[in-house]
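Visitor: I have a structure open and would like to go through it with you. May I put some short questions?
Guide: Certainly; please display it and begin wherever you wish.

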Amino acid sequence: QMNTQSKTDALRAALNPHKPAIAMAAHNPLAAKLVAEAHFDAVWVSGFELSASYAVPDASIISMSTMLEMTRAMGEVQGLPLIVDLDTGFGNAINVAYAMPRFEAAGAAAVVIEDKTFPKDSSLRPGGRQALISVAEFQGKISAAKANSSLLVIARTEALIAGLGEDEALRRSVAYAEAGADAVLIHSKHKTPAQILSFCRAWPGQVPLVIVPTSYPQLSFGDVAALGKVGLIICGNHAIRAAVAGMRHTFRQILEDGGLARAERDIASVAEIFALQGDDSMRALEKAYLH
Ligand code: SPV
Ligand code: MG
């Protein structure tokens, strides 16, 4: 397995605006292992997914230590680069400065930090609280992130989410690239790609862009590659949504049927779960050490 620095380098090299890297969300180590098995380019350690997995809002409720522990555990069971969602960085630039070496030690390859006020609210939440901090304050957070680790730092502007328009989103993104961000994540919750396409076309291109096309899924990865501006596409929440849909379906079926027979046909086998638990490795240990 590659170490953290080589994963950071590999991820940096994969941010190709003509062939964007694709990251898939995960909310636990098992999901991260399935992301690797499916051959995505990176794991998105999503604040939304982790919050949802604790059944709490994505609103700075989950602590830094919980996020750190999940990052560490995801890195232990699979080899893809981890792109960790730091939300607002757990406070101000001081909090960012303390967080960065800890996430580096936990095995992160990259972090995303967003320009909202702490505590944050989910970008996708109808009527969500989306106040932004000043450009200068956020530049300080980017500098603190860069100076206190060698991780890839992705600066995320919520200007479009906050309804401030394309000019403000561009102004902020340029300022964040100037402060040293390795990429800029531009988020939109419009139901069509028009807003994001317009921003991408206007982007002067200092650094690659990152997008999260949850609310405009009609935009294909091929369409994004053709723009030549986006180095990374994040599938933001599709692991937890697939898990919820799958569990609901099976739970309903079992109680409706009054038995397990029909559900058994659709779900993963027990043998598949043993394999995901690393049964091969344990068998090797048994053979080597249990006499
Ligand atoms: C997340 O997955 O936590 C994100 C993407 O930050 S979004 O939920 O769309 O804000
Ligand atoms: Mg998030």
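Visitor: Let me start with A42. Is A42 buried or exposed?
Guide: A42 counts as buried, because 24 C-beta neighbours lie inside 10 Å and the threshold for that class is 20 or more. Please bear in mind that this is a predicted model.

Visitor: Where is the place of A42?
Guide: A42 belongs to strand β2, which covers residues 42–45.

Visitor: Which residues is A42 in contact with, leaving aside neighbours within four places in sequence?
Guide: The contacts of A42 are L11, A21, A23, L80, P81 and I83.

Visitor: And how many Å apart in space are A42 and R102?
Guide: Their C-alpha atoms are 20 Å apart, with the two positions 60 residues apart in sequence.

Visitor: Which way do the residues of β2 point?
Guide: A42 and W44 point one way, V43 and V45 point the other way, and all are buried.

Visitor: What joins β1 to β2?
Guide: Four bridges join strand β1, residues 21–26, to β2, and the two run parallel. One bridge partner pair is A25 with W44 in β2. Between these strands the chain crosses through helix α2, residues 29–37, in a right-handed β-α-β crossover.

Visitor: In what sense do β2 and β3 pair?
Guide: β2 and β3 pair in the parallel sense over three bridges. V43 stands opposite L82 in β3, and V45 has V84 in β3 as its bridge partner.

Visitor: Are the faces of β3 covered or open?
Guide: Both faces of β3, residues 82–85, are covered. L82 and V84 are buried on one side, and I83 and D85 are buried on the other.

Visitor: What about β3 and β4, then: in what sense do they pair?
Guide: β3 pairs with strand β4, residues 110–114, in the parallel sense over three bridges. I83 stands opposite A110 in β4. The chain passes from β3 to β4 through helix α5, residues 93–105, and this β-α-β crossover is right-handed.

Visitor: Moving to the core: how many residues has the largest nonpolar core?
Guide: The largest nonpolar core has 72 residues. Those with the most contacts inside this core are A26, V43, I83, V111, I154 and V184. As general background, nonpolar side chains in soluble globular proteins tend to be buried together.

Visitor: What is V184 in contact with, leaving aside neighbours within four places in sequence?
Guide: V184 is in contact with A155, T157, S173, Y176, A177, V207, L209 and V210.

Visitor: Now helix α1. Which residues of α1 are buried?
Guide: In α1, residues 4–14, the buried residues are T4, K7, T8 and L11. Viewed down the axis of α1, these buried residues fall within an arc of 100°, so they line one face of the helix.

Visitor: Which residues are exposed on the other side of α1?
Guide: Q5, S6 and A13 are exposed there. As for the buried residues of α1, what covers them includes β2, α5, β4 and β5, the last of these being 152–157.

Visitor: I would like to check the backbone. Which peptide bond is cis?
Guide: The peptide bond from F118 to P119 is cis, with omega near -5°. P119 is in the loop between β4 and α6, the latter being 135–147.

Visitor: What is the phi of A55, and of S60?
Guide: A55 has a positive phi of about 60° although it is not a glycine, and S60 also has a positive phi of about 60° without being a glycine. In general, most residues other than glycine have a negative phi, and most peptide bonds are trans.

Visitor: Where does A55 lie, and where is the place of S60?
Guide: A55 lies in the loop between α3 (47–53) and α4 (64–77), and S60 is also in the loop between α3 and α4. A55 is exposed, with 6 other C-beta atoms within 10 Å, whereas S60 is partly exposed, with 19 other C-beta atoms within 10 Å.

Visitor: Finally, which domains does the assignment give?
Guide: The domain assignment of the protein chain gives domain 1 (4–237) and domain 2 (244–289). The centres of domain 1 and domain 2, taken over C-alpha atoms, are separated by 32 Å.

Conventions:
Residues are numbered from 1 along each chain as its sequence is written. Chains are lettered from A and ligands numbered from 1 in the order in which they are written. This is a predicted model: local features need pLDDT of at least 70, side-chain atom pairs count only at pLDDT 80 or more; totals for chains, interfaces and linings use all residues. A residue is buried if 20 or more other C-beta atoms lie within 10 Å of its own, exposed if 12 or fewer, and partly exposed in between; C-beta atoms are placed from the backbone. Two strands pair if DSSP finds at least two bridges between them. A crossover is right-handed if, with the strands pointing away from the viewer, the path from the first strand over the helix to the second runs clockwise. A nonpolar core is a set of buried Ala, Val, Leu, Ile, Met, Phe, Trp, Tyr and Cys residues joined through C-beta atoms within 7 Å. Two residues are in contact if their C-beta atoms, placed from the backbone, lie within 7 Å. Domain bounds come from an automatic or database domain assignment. The arc is that of the directions from the helix axis to the C-beta atoms.
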